[in-house]
Every structure is written in C-alpha cells, then in structure tokens.
Amino acid sequence: MKPLEGLKIVTVEHFAAGPYGSMLLADLGATVIKIENVKTDGDPVRRMGPYFLGNNDSLAFQGWNTCKQSLALDLKHPEDRRAFESVVSSADAVMNNLRGDQAGKLGLDYASLKHLNKGLVCLHISAYGRNNSRAAWPGYDFLMQAEAGLMHLTGEPSTDPTRFGVSIIDFMTGSLGAMGLLAAVLKSKASGEGSDVDVSLFDVALHQLSYAGTWYLNEGLESNRLPRGSHMSISPVQTFTSADGWIYIMCMTEQFWQVMIQKLGREDLAEDPRFRDQNLRSRNRDDLTVILDEEFARYPTKHWLAYFEGVLPIAPILDVKEALENPFVQEVGMISNVAHPSCPDMRLLSNPLRFNGQRPDQRAGRSLGADNAEILGATQHTK
C-alpha cells in the first residue's frame, strides 16, 4: 500500500532533517525528487564515512534517502533554474532544509514560486527559522540540544551535560515537517491556495522540553538530571542492576508498583512509610534504589525479563549490536533487505509505519543525477 501515491514533492536538501522527512514521504509512495548541487557533488552525506558504496555514495546516505529520485542541478545557473521550475510547475510541494536566509535568496518560497503553481506548498526546514535575527545562522542538531536545555537534563547528576546518542532533533524536525507539508497540501487541495510552512530545529528542540518546560513556565520549577535515568516525578521509573547487566523498570502506575513488589516477595515495601505513595517514593528514590538493586542483583537480566513478561513494563539495556540482533526486531520486520548496485545484500532499518499490516517497500537511494535524463531530457545542464 502506497498511501501517498500521486503526490509529487521536489526537495532541495542535504544532511539529515530534510532527507529524513522526505524519505518518510517517499517510502509512503510520494514521488520525491531530490535536488542536489551539481557544483559540490551533491549531498555531503554521500561522502560521510566510514562505509562507502562505490563513488559518491555511503551507507549513511542510504539510511536517509530511500525511494527518491535524484536531480543534479545548479539552481544559480539559468538553464538549471528553468529545468527546476519546469519540474516544480507540476509538483504539489517544494521543500528545503537550507539556512533560514537561503530559501528566499534561491527562490524556494511561495512568493517566488506561486506563479508556476498557485496551489504549491513550500516547506522550509531550517536551524532557527526564516524571519528572525538568526535566520542566516548555520545550525545543527547537537547545538539545539545544548541551547534548548536538553543536554542539561540528560545523563547522571555527576556527569557533564550529555547529548542524545543520535541526531534525534533532526529526525523529529523532519517528521514534523513532513506532517506540516501534508496538512498544508490537504488545505491546498480544498482551497486551491498554496502556502509556506516553517519548522526549525530550535523550535522543535525547545518543544521537546514538554512537561519540564510547562512546570517551569507555570511554577518556576527548574528540572535537573536525576540518577539512573529516572523519571522526574514518578518512582520507581529508572535503571536497576541485574546479576549480569542493567534493566529498566517503569512503575508508571500504582498497579505496576503493587505487581512488582508482590512478584519480588517484598509486600512489606507497601507499608514502609518512605514508599507508601508516589510522592514519597520519588522523595526517597535513593533509599528505594538501594533496596531494589539488591533484589534485582539476585538474578540475570534474562530471568527478570521472563519473570515479569507481560505484567510489568521492563526492558533490557542493550548496546547497538544487541539491539539490532534482538530476535524481536526480526519478528516485527524492522530490518529490510534493500538491494544496492554496490551492495546487493544491503540491510536498512524499515519504515516504522504499517498499512494493513505491511511495511512500505524500500528502494536504494539513487546515484547523484541518476534521473536527470529521464526527468529533464535535453534540458539538463552539466557542470
């Protein structure tokens, strides 16, 4: 099932946020035409190591660019600009993830393109937005985690501020951008009028403060890092040591707390004045951690997963190798075999959506300019 079949999107993109968002749309059946700068050999991620797939391609690039077509153009060259506009004239949307001041300069906004297509939607993914004092600033995911307070909340209290292990703000921004694009296309189909849609890495990162942000804005509470990756207000929701590793337990409700202490044979904890309710357990988290560490250290992780299976929210803490070799990953089909000319048995992470029980098919990302001749014919310009 390809629910976005018939939707045509032209995207001027590089690195992560834009490519991730447009990949989600391409996987769902949209025709996504990726515009890459012919003068700079395309998206820099094509040359991001350590693993490469022939000339000007990499495993990192494939991870964000499945199911797209590739046009290699110089948008500042008159012939290439005309070729770009010929493609845009029949598109539903144009998106970019350039610096905030670049969309206007390159003519990628609605004001510049509406003469070609009145119903066109123009999505702008930028670091700080397009119409403010930072519009011309370069910016990347990790900077946003730093300034939005997220690094301050991540890690142990005794450690330095810590970033999330992957570019999660890029991926969140790309996903929200894709949602905004689809919402605007629906509106355009109904009204005949296109629009600009903006989303920035900074805004998305700040939005992820969620309840910690709401608490500060309304009550002045300044949240800080907590030990063991603990929840800010609910306990026990944190890591514990097993006999051979670590597990994460989430007693998000009173019912789960009761299940855990009963299964551990520690019903006495329910009557302990330190732990009688949620607020007390959070206040006395350190004392509770010592007690539960002793309990969970009696058996290995595998024992506890089986023992609490289906009755208590519990997970092992795995490294990347263990996470990807988890049998459950194979059971749910979250790894796809996607043939590539230089790697016939290439494996990628599957699209996380299902339609009628099936995940969307994926195709390898195309080589730079692979679709110039088919889409543009004799109008293409070479560098």
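Trainee: Which residues form the one aromatic cluster described here?

Mentor: In this predicted model, the cluster is formed by Phe240, Phe296, Tyr299, Trp304, Tyr307 and Phe308. The structure as a whole holds 13 aromatic pairs.

Trainee: Why is the aromatic pair of Tyr128 and Phe202 called tilted?

Mentor: Their ring centres are 6.2 Å apart, and the limit for a pair is 6.5 Å, so the two rings count as a pair. The planes stand at 40° to each other; because stacked requires under 30 degrees and edge-to-face over 60, the remaining word, tilted, applies. In general, both values are needed because a pair of aromatic rings is described by the distance of the centres and the angle of the planes.

Trainee: Why does this pair tie together parts that are apart in sequence?

Mentor: Tyr128 lies in the loop between β5 (121–126) and α6 (141–147), whereas Phe202 belongs to helix α8 (residues 201–207), so the pair links parts that are 74 residues apart in sequence.

Trainee: How do you know whether Tyr128 is buried or exposed?

Mentor: Tyr128 has a relative accessible area of 9%, and since buried means under 20%, Tyr128 is therefore buried.

Trainee: What about Trp304 of the aromatic cluster, buried or exposed?

Mentor: Trp304, which is found in helix α13 (residues 301–307), has 1% relative accessibility and therefore counts as buried. The C-alpha atoms of Trp304 and Pro316 are separated by 9.2 Å, and these residues are twelve apart along the chain.

Trainee: What makes Lys263 a charge over the face of Tyr307?

Mentor: Lys263 is at 4.1 Å from the ring centre of Tyr307, which satisfies the limit of 6 Å; the rule also asks for a position within 35 degrees of the ring normal, and Lys263 is accordingly listed as lying over the face. Arg163 likewise lies over the face of Phe142, at 3.8 Å from the ring centre.

Trainee: How many disulfides are there, and how is that known?

Mentor: The count comes to zero disulfides; since a disulfide needs a pair of cysteine sulfur atoms within 2.5 Å, a count of zero means that no pair meets this limit. Among the cysteines, Cys122 counts as buried at 0% relative accessibility, and Cys251 counts as buried at 1%.

Trainee: What makes β7 and β9 the edge strands of the open sheet?

Mentor: The sheet has three strands in the order β7-β8-β9, with antiparallel pairing. β7 (237–241) and β9 (314–316) each pair on one side only, and they are the edge strands for that reason. The twist from one strand to the next averages 25°.

Trainee: How do you know that β7 and β8 pair?

Mentor: Five bridges join β7 to strand β8 (residues 246–250) in the antiparallel sense, and because at least two bridges are required, β7 and β8 count as paired. Val237 stands opposite Met250, Thr241 has Trp246 as its bridge partner, and a hairpin of four residues joins β7 to β8. On the β9 side, β8 is joined by three bridges, again antiparallel, with Ala315 as the bridge partner of Tyr248.

Trainee: What makes the side chains along β8 alternate?

Mentor: Ile247 and Ile249 point to one face and are buried, whereas Trp246, Tyr248 and Met250 point to the other face and are not buried.

Trainee: Which way do the side chains of strand β4 point?

Mentor: In β4 (residues 93–96), Ala93 and Met95 point one way and Val94 and Asn96 the other, yet all are buried. Four bridges join β4 to strand β1 (residues 8–12) in the parallel sense, with Asn96 as the partner of Val12. Four bridges also join β4 to β5, running parallel, and Ala93 stands opposite Val121.

Trainee: How do you know that the span of helix α7 is close to the expected one?

Mentor: Helix α7 (residues 168–191) has 24 residues and reaches 34 Å from its first C-alpha to its last, against an expected 34 Å at 1.5 Å a residue. Its buried residues include Phe171, Gly177, Leu181 and Val185, and Gly192, which follows α7, has a positive phi near 80°.

Key: Residues numbered from 1 in each chain as written. Predicted model: local features only at pLDDT ≥ 70, side-chain atom pairs only at ≥ 80, totals over all residues. Heavy atoms only, no water. Buried < 20%, exposed > 50% of the residue type's maximum accessible area, 1.4 Å probe, protein only. Helix = DSSP H or I, 4+ residues; strand = E, 2+ residues; numbered from the N terminus. Expected span 1.5 Å × (residues − 1). Phe/Tyr/Trp six-rings, centres within 6.5 Å; stacked < 30°, edge-to-face > 60°. Axes fitted to C-alpha atoms, helices over the stretch in contact; angles between N-to-C directions.
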